[in-house]
Amino acid sequence: MKRPHGAEGRLLRVALNQLSRIQQGAPGTHPLGYLPSYPDLSDCESTYVGADPNAKPSHRIVWREHAPQRPGEPVTREVIALGERANGQAYYMAGQRLGRPVGFTLAELAAQREPIASPSRPGRRLIGSFDTPSKNEPDLQFE
């Protein structure tokens with residue numbers, strides 16, 4: 001919607017206000033932890049937002065902090081997802097955007113070796129051919 005009104009407009013204003021507060025260093029509603037039924041977002045925080053101040057917030061903002069790369073640089077905050085609280089939608093969206101599958105801890109993901117494609121695999125493919133390999137092309141082989 002170009003100019004949301006009603007509940008959508010209020011939700012937009014509240015979300016923008018919360019994003020500004022996150023940018024300015026305000027703490028999140030709570031740090032996230034690992035739950036096996038969700039992607040591991042234990043390095044992230046959550047902030048609740050909702051259009052109705054008298055009701056349970058309907059949405060979550062998932063974000064994380066990054067330490068400075070060099071001394072003297074500021075801490076940065078990265079917003080990963082803004083989604084509905086219902087059924088953990090914001091958490092699944094954040095996990096997908098971070099490339100984290102459900103049921104793996106960050107330590108388990110870090111311990112996995114990067115897959116290395118076999119050198120026998122051709123380096124180029126035609127556009128649109130990523131879904132189905134050609135008959136003379138071997139499947140990926142990992143070491």
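**Exercise 1. Decide whether Y38 is buried, partly exposed or exposed in this predicted model.**

Solution. Step 1: the relative accessibility of Y38 is 22%. Step 2: buried means under 20% and exposed means over 50%, with partly exposed in between. Step 3: Y38 therefore counts as partly exposed.

**Exercise 2. Classify the ring pair of Y38 and Y91, and place both residues along the chain.**

Solution. Step 1: two aromatic pairs are counted in total. Step 2: the ring centres of Y38 and Y91 lie 5.6 Å apart, and the planes stand at 85 degrees. Step 3: planes over 60 degrees apart count as edge-to-face, so the Y38 and Y91 pair is edge-to-face. Step 4: Y38 belongs to the loop between β1 (30-31) and β2 (45-49), while Y91 is in helix α2 (residues 89-98). With these positions 53 residues apart, the pair links distant parts of the chain. Step 5: Y91 has a relative accessible area of 11%, so Y91 is buried. Step 6: ring pairs join Y38, Y91 and Y92 into a cluster.

**Exercise 3. Describe how β3 is paired and covered.**

Solution. Step 1: the chain has three helices and four strands, in the order α-β-β-β-β-α-α. Step 2: β3 covers residues 59-66. Step 3: β2 and β3 are antiparallel, with five bridges; in this pairing E45 has W63 of β3 as its bridge partner. Step 4: β3 also pairs with β4 (residues 76-84), again antiparallel, through eight bridges. Here H66 stands opposite T76 of β4. Step 5: six of the eight residues of β3 are buried, and the strand is mostly covered. For the chain of 143 residues, the buried share is 27%.

**Exercise 4. State what lies over the ring of Y48, and at what distance from its centre.**

Solution. The charged end of R85 sits over the ring of Y48, 4.1 Å from the ring centre.

**Exercise 5. Locate N17, give its exposure class and compare its separation from V49 in sequence and in space.**

Solution. Step 1: N17 is part of helix α1, which spans residues 6-23. Step 2: its relative accessibility is 47%, so N17 counts as partly exposed. Step 3: N17 and V49 are 32 residues apart in sequence, and their C-alpha atoms are 9.5 Å apart. Step 4: across the chain, among contacts with a separation of 6 or more, 47% join residues 24 or more positions apart.

Notes. Residues numbered from 1 in each chain as written. Predicted model: local features only at pLDDT ≥ 70, side-chain atom pairs only at ≥ 80, totals over all residues. Heavy atoms only, no water. Helix = DSSP H or I, 4+ residues; strand = E, 2+ residues; numbered from the N terminus. Buried < 20%, exposed > 50% of the residue type's maximum accessible area, 1.4 Å probe, protein only. Contact = heavy atoms within 4.5 Å. Phe/Tyr/Trp six-rings, centres within 6.5 Å; stacked < 30°, edge-to-face > 60°. Lys NZ or Arg CZ within 6 Å of the ring centre and 35° of its normal. Pairing = 2+ DSSP bridges.
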